[in-house]
Amino acid sequence: GSSIEQPTVNPLLASKKYQRSSADKIYRAEDIRTLPACARAFSYLITKVIGSDLEAPADLCEMASNVDYQKVYSFLRDRTRAVRVDLHVQQPWSTTTQIYITVHEACLRFEILSMYVLSANAACLEKFDQKMAHKACSQVMEPLLNAYVQARAKGGGAYISPAEPFIRRYSILLLLVGGETRVFEHLPSLPRSMLKHPAVAWAISVAVAYATRDYGRFLRLYMEADFLSSVVLAPMLDLVRQRMLWLLVRSSVPMRRDKLPLIDLARRLAFCEEEAAEEFLTFHGLDVIELGTSMKLVQLPAFSPKTGTWDVMHDEVAQEHFNERLGQSSMPMKCEFRRSLDGNLQVKYERLPLTRVDIVFGAADDMLPGKDGTGTAVASNAAARVAPASTEVTLLRAAHRSPARSVAAKSPARPERLPPPAVIGSAP
């Protein structure tokens, strides 16, 4: 039999591994899974494997125990890419089908969710590459957006996804993180009806706020955002906060050392903890003074118009940090503050009444936090109050309805916080 010392692959239970395409690669019909098979394989992978770092399912092999999410993600990304390859090989007829579109939508949510889970674990964060994560999202997003366009052009018989506005929202935000010019090049390609949808209009508001340097509004929109949108925007937070500080010190009276309450400045910079705000401010060379009343003040440096220099006062190290990070004449283009999980993001995730499986299958698309950004998540309309795993059920139903055509070629409840880091087992 199979053991961890001498593993033996059972082809009936194993999940197909991703293989890079090449010029001389030949796709044989017997090697390509049908659309129903792709749907069942994808559903199995997500429901059985995505929570393996929290609790290893009993029906997976012993190699699935004591793993961290980095290994879970590596396995799932490889196997879901293999599913997408089998779907792509069967184009063009598969492009506008429900299974093709739904699987790609779930893959995009999986990639975004993984950004959060990998950032929430200190051991995984060291290996986490933000650029590679966004590249993975792009590999899913491009064929999905193309499928939306073809489905609208085809009309009757094509699947029009009810989740398209929310996926469009994620795509706009992902393009914004990649570079604001890409967003405004993309927007003219959207249908007019899609531009009017509240989810898309909100994403456009975020892009406009960032492009016009209205960083206060950008942070307010971030606090109001749904969980997955917040995950996409999180890499921009530190740069936005740094730019707000850069503008703040230049709006004070020259030669005057203004003092601001730390709690107020932390709120303006969208920090949910004063300790995190103090660390961020100190990193940028600003002096945090603690009074006898336990109240803390942030002292801004004085500017001399004659010499054109800033004076932090009595601290050479702080002066050097300020000159390097806030003292330059041009607005900062990159923030070197240490990578960490934003506290607001963690609060939003912990208050979601959903599991990872629910999020991947779209239950969090239209769930918004309270107005203060810390309330329990609620659905913004009745359509979002469906059963959490309804997309999974729809996917499997579509698998049973789809023709078996080929070409030649609820998971365990999530604990309050992630446990310490715990090889993934077999799939169908």
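Modeller: A residue is buried when its relative accessible area is under 20%, exposed when that area is over 50%, and partly exposed in between (1.4 Å probe, protein chains only). The model is predicted: local features need pLDDT of at least 70 and side-chain atom pairs count only at pLDDT 80 or more, while totals for chains, interfaces and linings use all residues. Residues are numbered from 1 along each chain as its sequence is written, and side-chain values use heavy atoms, with hydrogens and water left out.

Biologist: Is Glu164 buried or exposed?
Modeller: The relative accessibility of Glu164 is 2%. Because of this value, Glu164 counts as buried.

Biologist: With which residue does Glu164 form a salt bridge?
Modeller: A salt bridge requires a side-chain nitrogen of Lys or Arg within 4 Å of a carboxyl oxygen of Asp or Glu. For Glu164, the closest N and O atoms of the pair are 3.1 Å apart, and the partner is Arg152.

Biologist: In which helices do Glu164 and Arg152 lie?
Modeller: Helices (H or I, at least four residues) and strands (E, at least two) are DSSP runs, numbered from the N terminus. The pair links distant parts of the chain, 12 residues apart: Arg152 is in helix α5 (residues 130–154) and Glu164 is in helix α6.

Biologist: What is the relative accessible area of Arg152?
Modeller: Glu164 is buried, whereas Arg152 is partly exposed. The relative accessible area of Arg152 is 35%.

Biologist: At what angle do helix α3 and helix α6 pack?
Modeller: Axes are lines fitted to C-alpha atoms, for helices over the stretch in contact, and angles run from 0 to 180 degrees between N-to-C directions. The axes of α3 (residues 98–120) and α6 (residues 164–178) are 11 Å apart, and the angle is about 45°.

Biologist: Which word describes the position of α3 relative to α6?
Modeller: Angles under 35 degrees count as roughly parallel, over 145 as roughly antiparallel, 65 to 115 as roughly perpendicular and the rest as oblique. The angle of α3 to α6 is about 45°. Therefore α3 is to α6 oblique.

Biologist: Is the crossing of α3 and α6 left-handed or right-handed?
Modeller: A crossing is left-handed if the near helix is turned anticlockwise from the far one by less than a right angle, and right-handed if clockwise. The crossing of α3 and α6 is left-handed.

Biologist: Which residues of α6 are met by residues of α3?
Modeller: Contact means heavy atoms within 4.5 Å. From α3, the residues that take part are Glu105, Leu108, Arg109, Ile112 and Met115. Their counterparts in α6 are Glu164, Ile167, Tyr170 and Leu174.

Biologist: How many nonpolar residues does the contact of α3 with α6 have?
Modeller: Ala, Val, Leu, Ile, Met, Phe, Trp, Tyr, Cys and Pro count as nonpolar, Asp, Glu, Lys and Arg as charged, and the others, Gly among them, as polar. The contact has 3 charged residues and no polar ones, and its nonpolar residues number 6.

Biologist: Which residue forms a salt bridge with Arg109?
Modeller: The closest N and O atoms of this pair are 3.0 Å apart, and the partner of Arg109 is Asp365. One residue lies in helix α3 and the other in the loop between α17 (356–360) and β6 (367–368), so the pair ties together parts that are 256 residues apart in sequence. Both members are buried. The partner of Arg109 is thus named: Asp365.

Biologist: How many residues apart are Arg241 and Asp342?
Modeller: The side chains of these two residues meet in a salt bridge, at 3.0 Å from N to O. Arg241 is in helix α12 (residues 237–250) and Asp342 in the loop between α15 (316–325) and α16 (343–350), a separation of 101 residues.

Biologist: Which residues touch His104, not counting residues up to four places away in sequence?
Modeller: His104 is found in helix α3. At 0% relative accessibility, His104 counts as buried. The residues that His104 touches are Arg84, Leu87, His88, Val140, Pro143 and Leu144.

Biologist: Which residue is joined to Gln91 by a cis peptide bond?
Modeller: Most peptide bonds are trans. Here the bond is cis, with omega about 10°, and the residue joined to Gln91 is Pro92.

Biologist: What is the phi of Ala270?
Modeller: Most residues other than glycine have a negative phi. Ala270 lies in the loop between α13 (262–268) and α14 and is buried at 7% relative accessibility. Although Ala270 is not a glycine, its phi is positive, at about 65°.
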